[in-house]
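Trainee: I would like a close look at one part of this model. Please take me through a single helix, and then through the salt bridges.

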Amino acid sequence: MSLGYAEKLSYREDVGNVGMPEIFDSPEHLQNKIEELAVMVQKSKHLVVFTGAGISTSAGIPDFRGPKGVWTLQRAGKGVPDASLPFHRAVPSLTHMALVELERAGLLKFVISQNVDSLHLRSGFPREKLAELHGNSFKEICPCCKTEYLRDFEIETIGLKDTPRRCTDKKCGARLKDTVLDWEDALPPEEMSSAKEHCRAADLVLCLGTSLQITPACNIPLLSIKNGGRVAIVNLQATPKDKKASIVIRGLVDEVITGVMSMLNLRIPPYIRTDFVQLSLRHSLKKKCVRWTLRVTSIHGLRAPLPFVKSIEVSFPERSDMKPVVLKEQPFSLQRETSMNRPFVMLLTLNFGDGCGCLSSSIEWPVDFQKQQDSFVRDRSLVLRDLQSAAELHCSAGQQEILERASLPRAETSVHAIVTNIVRYDTEDDNGVPLKDNEMNRGSSNPTKRCIESSGCNSVVPKKLKYFFLKDEKLNC
């Protein structure tokens with residue numbers, strides 16, 4: 001749940017029961033229930049998972065109704081709680097990544113989410129198998145052609161309002177809208193239709209980290225019962241639907257899912273985040289010199305923020321006569337005049353902000369104004385796959401590759417992919433020894449081993465989404 005989202009919501013007095021006590025099953029009962037749930041999942045033919053804010057609390061995002069939830073604290077007059085990380089750098093929890101593996105294994109058919117944090121999409125879960133009932137704080141939609149745009153920054157508005165950007169389809173060009181609902185907004189018909197269809201077909205609906213209080217969403221899982229299916233609930237607080245569930249588990253969602261995945265002999269994959277930057281170099285002739293301008297921008301447009309970059313160091317390793325500079329303010333831009341006849345190498349060191357798993361990454365750019373570089377577009381999926389494989393192999397971030405380049409007589413633009421985070425969720429160390437409690441992030445209720453200190457879009461490109469750096473035939477749009 002986005003704290004910005006909570007502050008933007010219209011005021012509402014009645015938000016349901018909040019601050020209810022958390023209940024924990026005894027270790028013995030918890031283990032027995034985990035084993036029972038694992039059998040139910042394994043035997044299911046059409047498993048649907050219904051998620052709430054409770055699956056994101058271990059990612060540092062507060063829930064709504066827990067003891068320290070947003071609405072619990074607001075009702076007590078304490079305001080919105082602090083988040084442990086910038087919202088745009090939140091990392092999918094162990095549970096998010098486990099759902100990715102369950103889908104890959106063919107067990108999980110569909111996910112219905114009430115969350116707006118985009119962590120399901122960041123985890124790499126397929127867009128076509130996901131219904132986001134309350135919207136997504138990082139997604140815009142074209143109201144005319146229905147194209148979706150997933151961003152790496154939080155959209156400025158909520159309530160299905162116009163945003164500052166337009167659809168990039170040349171035949172459309174309509175003003176985009178945010179996708180997050182306010183209280184008075186109806187649930188999106190397409191998302192609701194998919195959710196209901198899958199719940200009717202489900203023989204098991206697994207509800208994770210949700211109080212099941214917000215209507216009409218909370219009633220959707222019960223559609224499976226009408227057709228002979230079952231409902232399972234994992235939540236620390238009582239819900240109005242507990243009596244209709246076949247099994248109710250009172251435990252931390254990550255802990256329960258860890259046990260289920262272990263019994264199913266399924267590995268929870270690492271989360272690897274890849275971010276993108278666009279570099280442009282334009283020049284004009286001025287007598288015997290060349291006046292050039294370097295810009296480092298977001299692939300979402302010149303006016304969009306580049307949230308993961310704090311500053312950029314620009315140096316010229318082979319040219320002692322060219323002074324290095326540090327760009328500290330966005331939009332990042334540098335203007336110089338140099339000789340037309342002397343090529344040089346420009347080294348860009350991107351220094352990353354809070355929540356990234358490495359301090360920086362460098363891009364080397366050979367510049368020769370007398371030669372025009374070739375234009376190309378590489379296979380994005382192959383490049384990202386290779387980047388992520390390298391990151392997982394070395395258990396480190398910072399790798400970068402060029403995705404595409406467009407060269408014109410007086411301008412050159414390129415898009416680069418950079419691995420900015422990698423998080424492992426192993427419950428054993430490299431020698432197969434179970435991790436101790438203090439090595440399993442007990443404080444964050446996330447039993448994971450983190451390769452590096454990291455906290456942060458997508459491992460896999462959702463098919464339904466129109467991806468930003470391919471939004472137009474030109475790279476400098």
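Mentor: Here is the helix, followed by the salt bridges.

This is a predicted model, so local features need pLDDT of at least 70, side-chain atom pairs count only at pLDDT 80 or more, and totals for chains, interfaces and linings use all residues. Residues are numbered from 1 along each chain as its sequence is written, and side-chain values use heavy atoms, with hydrogens and water left out.

Start with helix α2, residues 27–43. Helices (H or I, at least four residues) and strands (E, at least two) are DSSP runs, numbered from the N terminus. Helix α2 has 17 residues. From first C-alpha to last, α2 reaches 25 Å, close to the 24 Å expected at 1.5 Å a residue. That expected span is 1.5 Å times one less than the number of residues.

Now look at burial. Buried means under 20% relative accessible area, exposed over 50%, and partly exposed in between (1.4 Å probe, protein chains only). In α2, the residues L30, I34, L37, A38, M40 and V41 are buried. Seen down the axis of α2, its buried residues fall within an arc of 160°, so they line one face of the helix. The arc is that of the directions from the helix axis to the C-beta atoms. Turn to the face away from that buried side: E28, Q42 and K43 are exposed there.

What do the buried residues of α2 pack against? Their partners are β1 (47–51), β8 (204–208), β9 (230–234), β10 (247–249) and α8 (253–263). Contact here means heavy atoms within 4.5 Å.

Next, the salt bridges. A salt bridge is a side-chain nitrogen of Lys or Arg within 4 Å of a carboxyl oxygen of Asp or Glu. The structure holds 19 of them.

One joins E191 and R127, at 2.9 Å from N to O. This pair links distant parts of the chain, 64 residues apart. E191 sits in helix α6 (residues 189–201), and R127 in the loop between α5 (119–123) and β3 (130–132). Both E191 and R127 are buried. They also belong to a network of salt bridges that links R127, E132, K139, E148 and E191.

Another joins E337 and K286, with the closest N and O atoms 3.1 Å apart. E337 lies in strand β15 (residues 332–339) and K286 in strand β11 (residues 271–286), so the pair ties together parts that are 51 residues apart in sequence. E337 is partly exposed, with a relative accessible area of 39%. K286 is partly exposed, at 39%.
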